[in-house]
Amino acid sequence: MVTFSLFYFSSKPMAERLLVRALKGGKNTKIVTLNGKKITKMPSTLEKLPGLKTLDLQNNRIPKVCPEISTLTQLTSLNLGNNLLEEVPEEMKYLTSLKKLHLFGNRIHRFASGACDGLQNLILLSLNNNQLTWIPPEVSRLKSLTYLSINHNWLASIPRELCFLKNLSELQLNYNQLICIPEEIKFLKNLQKLFLVRNNIEVLPEGFCDLINLRSLDIAGNVIQIFPSGFQNLKLREFYCEENPLLMKQPVHAVKQEGVWRLQEITSRFIMNQLAEKNLFLMQAFEWYPQNWKISRNLQLVPLRILICSYKCFNQRGPNVFGIAQVESR
């Protein structure tokens with residue numbers, strides 16, 4: 001029968017004494033917790049606990065991990081939150097059984113080379129409250145990752161490689177400096193929750209509408225004016241977009257290629273021509289129709305972009321000619 005040893009320490013000397021007791025447990029020691037004890041160096045003697053499953057060292061003053069941690073190949077949960085780390089350590093690549101990694105509240109501004117190499121079983125990664133300005137392409141090696149949270153950092157972009165994490169179900173990137181979302185986000189077919197609060201995002205890509213399993217979306221506090229065509233097909237349960245400059249009525253460039261004219265386009269051409277000639281009836285009618293699509297319980301109207309004019313026609317017109325049509329969700 002496996003023995004689980006769990007230690008909570010009230011002082012540094014006590015921590016040292018109980019760590020010695022843990023070491024006596026050897027391979028039978030499964031859990032070690034050393035929270036908030038002002039530890040400035042990770043104990044190298046941890047290598048003598050080959051059966052360790054959980055190591056909790058949050059709320060200390062640890063600036064780097066010890067090389068000996070690489071021997072903990074059975075470790076499944078590591079918490080180094082609220083310490084003084086400056087990088088995602090290279091030693092992480094040796095923790096091949098690791099499933100949960102908490103690195104929140106440090107000073108991390110980079111990933112060490114190879115840090116992601118051996119984390120094939122990692123399902124949760126928390127990097128909240130750090131100083132990251134970029135995510136390396138190697139993040140795509142985290143094949144099993146289902147939860148990724150990098151809130152309150154300095155990210156300016158999302159690497160396209162992150163969008164190839166096919167098992168990712170929740171992505172949190174709140175309070176960063178993002179200005180755009182890569183088109184490749186459409187490959188996150190299992191994504192259910194996406195949080196992008198308080199960034200500088202101006203537009204959502206067309207591929208965003210391919211997130212067929214997305215259920216919760218929070219993009220409050222960005223600079224989004226209108227949503228892409230097909231957005232109404234998302235089966236959202238929660239949607240928040242407060243503090244975005246919606247319905248600014250500014251024209252956008254067409255993104256679809258030229259096609260055969262439909263009756264809808266012929267009608268649209270007539271209406272646009274009449275608007276250009278300042279047809280009084282239509283001018284008054286359009287004042288009543290900055291109406292948009294209803295999408296969620298917390299929001300009544302959402303502006304939705306729909307191209308009803310051909311690519312060539314749309315882009316040959318002046319930038320002062322455009323319209324907003326009513327779209328209903330039933």
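User: Which residues touch the most other members of the largest nonpolar core?

Analyst: In this predicted model, the largest nonpolar core holds 69 residues, and its members can be ranked by how many other members they touch. One of those at the top also has contacts beyond its neighbours within four places in sequence, including Leu-55, Ile-69 and Met-92, and that residue is Leu-78. The residues that touch the most other members are Leu-78, Phe-208 and Phe-231.

User: How many aromatic pairs are there, and what is the distance from centre to centre between Phe-208 and Phe-231?

Analyst: The count of aromatic pairs comes to five. Phe-208 and Phe-231 form one that is stacked, with 25° between the planes, and centre to centre the distance is 6.3 Å.

User: Why does the pair of Phe-208 and Phe-231 tie together parts that are apart in sequence?

Analyst: Phe-208 lies in the loop between strand 8 and strand 9, whereas Phe-231 lies in the loop between strand 9 and strand 10, so the pair joins two separate loops. Phe-208 counts as buried because its relative accessibility is 0%, under the 20% cut-off, and Phe-231 is likewise buried with a relative accessible area of 0%. The parts that this pair ties together are apart in sequence by 23 residues.

User: Are the planes of Phe-227 and Phe-239 stacked or edge-to-face?

Analyst: The ring centres of Phe-227 and Phe-239 are 5.7 Å apart and their planes stand at 75°, which is over the 60 degrees required, so the pair is edge-to-face.

User: Which residues do ring pairs link into a cluster?

Analyst: Phe-227, in the loop between strand 9 and strand 10, pairs with Phe-239 in strand 10, 12 residues away along the chain. Both Phe-227 and Phe-239 are buried. Through ring pairs, the cluster consists of Phe-208, Phe-227, Phe-231 and Phe-239.

User: Is Ser-126 buried or exposed?

Analyst: Ser-126 lies in strand 5, which covers residues 124-126, and its contacts beyond four places in sequence include Leu-101, Phe-104 and Ser-149. Because its relative accessibility is 7%, under the cut-off of 20%, Ser-126 counts as buried.

User: Which side chain makes a polar contact with the side chain of Ser-149?

Analyst: Ser-149 lies in strand 6 and is buried, with a relative accessible area of 1%. Leaving aside neighbours within four places in sequence, Ser-149 is in contact with residues that include Ser-126 and Gln-172. The polar contact, at 3.3 Å, is made with the side chain of Asn-151.

Notes:
Residues numbered from 1 in each chain as written. Predicted model: local features only at pLDDT ≥ 70, side-chain atom pairs only at ≥ 80, totals over all residues. Heavy atoms only, no water. Helix = DSSP H or I, 4+ residues; strand = E, 2+ residues; numbered from the N terminus. Buried < 20%, exposed > 50% of the residue type's maximum accessible area, 1.4 Å probe, protein only. Contact = heavy atoms within 4.5 Å. Polar contact = N/O pair within 3.5 Å; in protein donor to acceptor, adjacent residues only side chain to side chain. Core = buried A, V, L, I, M, F, W, Y, C linked by side-chain atoms within 4.5 Å. Phe/Tyr/Trp six-rings, centres within 6.5 Å; stacked < 30°, edge-to-face > 60°.
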